[in-house]
Amino acid sequence: MIQGTSSHAGKSIFVAALLRILRNRGISCAPFKPQNMALNSFVTLDGYEIGRAQAMQAEAAKVQPSFHMNPILLKPTTDSKAQVIVYGKPWKNLSAIEYQNIKGNLKSFVQNSYETLKSNFDVVIVEGAGSPAEINLRKNDLANMGFATMYNIPVLIVGDIDRGGVYASFYGTYCLLKPKERKLVKGFVINKFRGDKSLLTPANEFIEKKTKQIVVGVIPYFTDIQISDEDGVTLQEPKIKHYLQDNQDKIKVRVVKLPRISNFTDFEPLFLEEDVDISYITSPLQANDADLIIIPGSKNTIEDLLFLKEKGFETFLKAFLEKGGFVVGICGGYQMLGKVVKDPYGVESKIKEVAGLGIINSETVLTQSKCLKQVSFDTIDGSIKGLSGYEIHMGMTEVADGNPLFFVKDDNGKSHLEGCVTCDGRAFGTYIHGLFENDKFRLDLLNRIRTAKKIKPKKQTFSYFSYKEEAFNKLATHFERSLNLDYIFSLLGV
């Protein structure tokens with residue numbers, strides 16, 4: 001089990017690296033996170049919702065994602081409430097106190113999922129949540145040491161040295177654990193180190209003497225491997241990419257960072273395009289140079305729609321389109337582009353109805369049931385076929401006029417219309433996540449923008465799938481060089 005001294009210490013990436021290392025050695029393996037809190041989620045092939053990080057880790061392990069890999073998922077709707085997903089389906093909307101009081105009742109679900117994975121794989125790598133030293137959450141803990149002690153699972157604790165205080169974090173975490181929990185700790189891993197590792201030797205020896213546990217590895221900071229991260233902290237940090245020279249044309253993409261933004265991993269492929277300058281914005285003033293503005297998914301559509309209006313996006317986007325800009329709405333963003341969003345059942349808000357941005361002539365009603373499915377689809381004109389993605393939404397959108405965007409293929413072989421694009425083709429909305437992972441669709445949209453900017457269209461430059469495979473292997477190599485793998489394999493019994 002990989003635990004951390006804090007959120008964003010590097011647990012998810014560490015687990016992914018270990019899984020690819022094992023898989024490359026022919027060992028069947030799977031990720032497991034008993035309880036996850038994230039607004040980035042994924043839909044499995046059989047229609048269950050799990051944290052996006054576990055889907056990414058399953059990809060690293062080259063196995064199909066399953067709801068057993070993340071039996072409990074918490075999706076915050078406000079600062080104090082969250083939708084609780086159990087076994088991939090919505091269970092209840094609960095406040096933090098309500099969930100704290102009942103989470104012990106979910107223990108059997110967590111145990112069943114873990115034991116299912118254990119029976120199907122040689123190795124299961126478990127990821128903790130936050131920090132095991134959050135003593136305010138110790139009661140009925142399922143996420144960290146509460147789970148590890150159920151099965152006597154050996155634990156490695158990872159800390160982020162780039163943020164400072166890593167040794168204090170290691171020692172403080174260790175001291176705040178109960179004696180039986182400390183016995184499960186088998187070492188520490190220092191993540192995101194810059195510099196000469198030999199400078200850490202005295203400090204490593206000190207922490208090893210104080211805790212009687214070894215430093216298992218020091219992972220150098222890297223910027224050349226891009227792996228999707230579900231943690232919202234990454235939205236605060238600049239993406240590392242190699243832009244074209246200043247005298248060359250770029251496509252400027254601005255993604256609105258909504259207060260309840262979800263599934264922002266949708267836009268990772270755009271960061272990899274050589275001539276795309278992409279960033280997150282919170283104000284129209286930050287979009288004055290934009291060619292394309294994207295409104296992403298949201299876990300609270302009405303509240304985030306009010307945020308857009310308060311910031312002045314409603315007027316700005318209409319003027320932006322009139323000047324020749326492009327606007328895309330994904331999922332909640334699609335709902336916001338319409339004429340009205342209604343929440344008669346109080347699914348996400350106490351507000352029953354709010355006028356939309358009025359870019360698409362559609363009406364959305366938030367529903368009590370949740371749509372969860374993977375989809376395959378073609379563009380409406382048939383020019384691009386064999387696309388794939390997934391839907392996660394609580395709401396139905398009816399379009400009064402406008403052109404549908406896609407033919408979505410149903411399981412029964414029939415097709416239905418999905419999404420909406422304005423007559424001039426400059427604005428569209430869709431419920432489909434993972435849209436930009438489709439190389440042909442991404443290229444087509446960018447070429448339309450290039451043509452509008454009088455830039456020569458491009459041919460396909462890279463495969464996103466191939467890029468991810470290469471990234472996982474580079475990640476595995478990076479960690480292999482920095483870890484005491486013999487020791488880790490001895491803990492795993494492989």
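What volume does the second largest cavity have? In this predicted model, the second largest cavity has a volume of about 120 Å³, and the legends below begin with a view of that space before turning to other sites.

**View 1. The second largest cavity and the residues that line it.** The lining is made up of 13 residues, and those nearest the centre of the cavity are Gln226, Ile227, Ser228, Tyr464 and Lys468. Two elements, α2 and α14, each give two or more residues to this lining, and α14 gives the most, with five residues. Sorted by class, the lining of the second largest cavity has seven nonpolar, two polar and four charged residues.

**View 2. The largest cavity, with cysteine 331 among the residues nearest its centre.** By the rule applied here, the count comes to two cavities of 30 Å³ or more, and the largest cavity has a volume of about 160 Å³. Its lining consists of 15 residues, of which Ser298, Cys331, Ile392, His393 and Met394 lie nearest the centre. Helix α12 (332-336) and strand β23 each supply at least two residues of this lining. By class, three residues of the lining are nonpolar, eight are polar and four are charged.

**View 3. The second largest pocket, and the elements that supply its lining.** About 730 Å³ of space lies in the second largest pocket. The pocket is lined by 28 residues, and the closest to its centre are Glu59, Ser388, Glu437, Phe465 and Lys468. At least two lining residues come from each of α2, β22 (371-379), β23 (387-393), α13 (439-452) and α14 (464-480). The class composition of the lining is 11 nonpolar, eight polar and nine charged residues. Lys468 is thus listed among the residues closest to the centre of this pocket and also among those nearest the centre of the second largest cavity.

**View 4. Helix α2 and the surroundings of glutamine 54.** Helix α2 is largely enclosed by the rest of the structure, because nine of its 10 residues are buried; the buried residues are Arg52, Ala53, Gln54, Ala55, Met56, Gln57, Ala58, Ala60 and Ala61. Glutamine 54 lies in this helix, which spans residues 52-61, and has a relative accessible area of 0%, so that glutamine 54 counts as buried. The side chain of glutamine 54 makes a polar contact with the side chain of asparagine 36, at 2.9 Å. Apart from residues up to four places away in sequence, glutamine 54 touches Pro31, Lys33, Asn36, Met69, Asn70 and Glu127. Just after the helix, lysine 62 takes a positive phi of about 60°.

**View 5. Cysteines 331 and 423, in a structure that holds zero disulfides.** A disulfide is a covalent bond between the sulfur atoms of two cysteines. For cysteine 331, the closest cysteine sulfur is that of cysteine 371, and because the two sulfurs are 9.0 Å apart, they are too far from each other for a bond. Cysteine 423 is likewise in no disulfide, and the nearest cysteine sulfur, that of cysteine 420, is 8.3 Å away. As for accessibility, cysteine 331 counts as buried at 7% relative accessibility, whereas cysteine 423, at 72%, counts as exposed.

**View 6. Asparagine 361 in the loop between β20 and β21.** The loop that holds asparagine 361 runs between strand β20 (353-355) and strand β21 (362-365). With a relative accessible area of 27%, asparagine 361 is partly exposed. Leaving aside neighbours within four places in sequence, asparagine 361 is in contact with Lys339, Glu398, Val399, Ala400 and Asp401. Asparagine 361 and alanine 427 are 66 residues apart in sequence, and their C-alpha atoms are 12 Å apart in space.

**View 7. Asparagine 204 in helix α8.** Helix α8, which covers residues 201-211, contains asparagine 204, a residue that counts as buried at 12% relative accessibility. Not counting residues up to four places away in sequence, asparagine 204 touches Tyr167, Ile190, Val215 and Val218. Methionine 150 is 54 residues from asparagine 204 along the chain, and the C-alpha atoms of these two residues are separated by 30 Å.

Terms used: Residues numbered from 1 in each chain as written. Predicted model: local features only at pLDDT ≥ 70, side-chain atom pairs only at ≥ 80, totals over all residues. Heavy atoms only, no water. Disulfide = S-S within 2.5 Å. Buried < 20%, exposed > 50% of the residue type's maximum accessible area, 1.4 Å probe, protein only. Helix = DSSP H or I, 4+ residues; strand = E, 2+ residues; numbered from the N terminus. Polar contact = N/O pair within 3.5 Å; in protein donor to acceptor, adjacent residues only side chain to side chain. Contact = heavy atoms within 4.5 Å. 1 Å grid on protein atoms, 1.4 Å probe; cavity = no way out; pocket = protein on both sides within 12 Å on 5 of 7 lines; lining within 4 Å. Points joined across faces, edges and corners; volume = space filled by probe spheres on them. Nonpolar A, V, L, I, M, F, W, Y, C, P; charged D, E, K, R; others polar.
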